[in-house]
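Here are some notes to read with the structure open beside you. Take the points in order and find each element as you go.

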Amino acid sequence: MKYDFRQMDLPQDIKHMDLHALELMAVAIREFLIDQVSATGGHLASNLGIVELTLALHKSFDLPRDKVIWDVGHQSYVHKILTGRAGSFDTLRQLDGLSGFPKRRESAYDFYDTGHSSTSIGAACGMAAARDLRGEHYEIVPVIGDGSLTGGPAFEALNNLGTSHRRVIVILNDNGMSIERNIGGLSEHLGKLRTSTGYQKAKAGIRNAVNRVPIVGGTLTDAISNTKERLKYAVLSGGVIFEEFGFTYLGPVDGHDLKSLLAILENAKKVQGPTIVHVITRKGKGYHPAETFPDRFHGIGPFDKESGNPRSVQTQTYSNAFGEAALALAQLDPSLIAVTAAMTDATGLTPFAERFPRRLFDVGIAEAHAVIFAAGAAVSGLRPLVAIYSSFLQRAYDEVLEDVCLQELPVIFAIDRAGIVGADGETHHGIFDLSYLLPMPGMEILAPCDAVQLKEMLAYAHRHVQGPCAIRYPRGKAIPSSLTGQPFTGENQRLRRGEDLDILAVGTMLEPALAAAAILEEKGISAGVVNVGRVKPFDVRIIAPGTGLIVTLEDNVLAGGFGESLRQQLALDPAYSHRDLFCLGWPDRFIEQGSCEELYARYGLDPAGIARQIADRLRKENS
């Protein structure tokens, strides 16, 4: 049977399908996903692994009356197909197109916006409280992966939900992966459960006991009670942990067996109180390259679907450059360790892990713990290097402030994906880190303009910075800048002198600043350009004394960013307090998805937009 998802009445048509039709639909969905994501890029492996589970959820529950919450949300592509959005998949993750994550503004079937992990069960707690206070009756179904379950908020929510006794059906999608192989006790705990022969024998014992008793009576009750105890102790390294939280545990069940999935979901709906349904899935299911290399196909650009190879030529990225520099430092300093949160390969630390496996610490999806871990290591004489994405480090704000800065510990933060990241959109743009790091006492902040300067800054921070230091750098290709040949020694560098204004360009905004200065020169406006690699502390003496306007340019929100920080600094300095300051950066809003080039152009942060805004500002001043 051939399915045209664009013409179907979804999800209503699913309600009338038999098991065979649903199984055929699962095959068609995988073909559709591979076709679409190979053209647009996106999160493929996680979505291939959740096809049958998503079909079963839509078959078993009455969406959108019932509420499904996708933890992280990058695995919601199948859900989007089944809720009438297949026709928009050619716009997936593109400017003004279909989001790669659940968006309430996009569909009534997306009940909760997600993008970071470990939040779905907590949201379900609040939704269940609201439902019960209003006397309403519907199901609430958070879907969380075993990787996300390593995050602290997930455990806090389990504790709260279990003691509240509210009716929520938690789906544990257990594929043994987050972005990489899961780390830690819970991962081992679930791994043992998957292969527990005692568990399987105990379940078979229950079935046999029930089958032997023709009527309900004392013998049956005793048999079930005894077998339940056998079951609990058989899975002492497994499901019992959820029962201790106050949940009824169901599973494990094969997440690619639709018949079993539908049966267990129907059973879950009969349980009063919170329930865990443990589903075993395979990331990348049905597409050999993604099954073989699920981490590569977690988030991938356009690729050749026959071979699985990327369409674009791979060049050095900032992450690779950081990884090379980290490995070089580790070879020189045996006290240097690397700490990350389920992002070893994504942050470029795989070579480090291979060369120094005992000095690489992947703590799982637990950014706050990663920072506390680093603080504990630093206070004990080690030199921690913490590699975390900018948007994910937001989850450890208090720990950076209280555990590291307050104690003045020599922890180096390698902040990957700083600035606009493109197609992942609002939840992944790293445009707030300057705003939340600048106010922290003692924090030194560096921002390289290219890969060479990133390596130099890491060596500088290791050698010269005695307290906390953050190095922020963007996603993607590391193209050499105009600063080549001027090594970083801790000071900012001037690349161009001007008579009318100075542009202070933070990190990778250097090249747009230079290009804008060239455009302004054609208009008869003379602009100087300074590379601000050292954001904090900032030495104002590099600003040319004779120019009038000072322009700051940063890949960060304006609120609380470098420009605003400099404004306060200049106001306290009599030599500079009279100078006019014009700040350019991201506005006070969440920035949508789209290519970086499109977003820079839309918000006037490409060379033409920068030059236009500066020229307009000068025109207003002179009018």
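1. Start with the sheet. In this predicted model, five strands make up an open sheet, and their order across it is β1-β2-β3-β5-β4, with parallel pairing.

2. Now check the two ends of that order. β1 (67–70) and β4 (248–254) are the edge strands, and each has a single partner, so one side of each has no neighbour in the sheet. As you step from strand to strand, you'll find that neighbours are turned by 20 degrees against each other on average, direction ignored.

3. Next, zoom in on one pair. Strand β2 (residues 140–145) runs parallel to strand β3 (residues 169–174), and three bridges join them. Want a specific spot to click on? Take Ile 144: its bridge partner in β3 is Leu 172.

4. What packs on this sheet? Helix α12 (residues 258–270) does, and the strands it touches are β3, β4 and β5 (275–280). Compare directions while you're there: that of helix α12 makes about 170 degrees with that of β4.

5. Then zoom out to the whole chain. How many helices and strands does the chain have? There are 24 helices and 17 strands. Among contacts between residues at least 6 apart in sequence, 76% join residues at least 24 apart.

6. Last, look at what is covered and what is not. The chain has 623 residues, and 58% of them count as buried; for a residue, that means under 20% relative accessible area. The chain exposes about 25600 Å², with carbon and sulfur atoms supplying 52% of that area.

Note on methods: Residues are numbered from 1 along each chain as its sequence is written. This is a predicted model: local features need pLDDT of at least 70, side-chain atom pairs count only at pLDDT 80 or more; totals for chains, interfaces and linings use all residues. Side-chain values use heavy atoms; hydrogens and water are left out. Two strands pair if DSSP finds at least two bridges between them. Helices (H or I, at least four residues) and strands (E, at least two) are DSSP runs, numbered from the N terminus. Axes are lines fitted to C-alpha atoms, for helices over the stretch in contact, and angles run from 0 to 180 degrees between N-to-C directions. Contact means heavy atoms within 4.5 Å. Buried means under 20% relative accessible area, exposed over 50%, partly exposed in between (1.4 Å probe, protein chains only). Accessible areas come from the Shrake-Rupley method with a 1.4 Å probe; for residues, only the protein chains shown count as cover.
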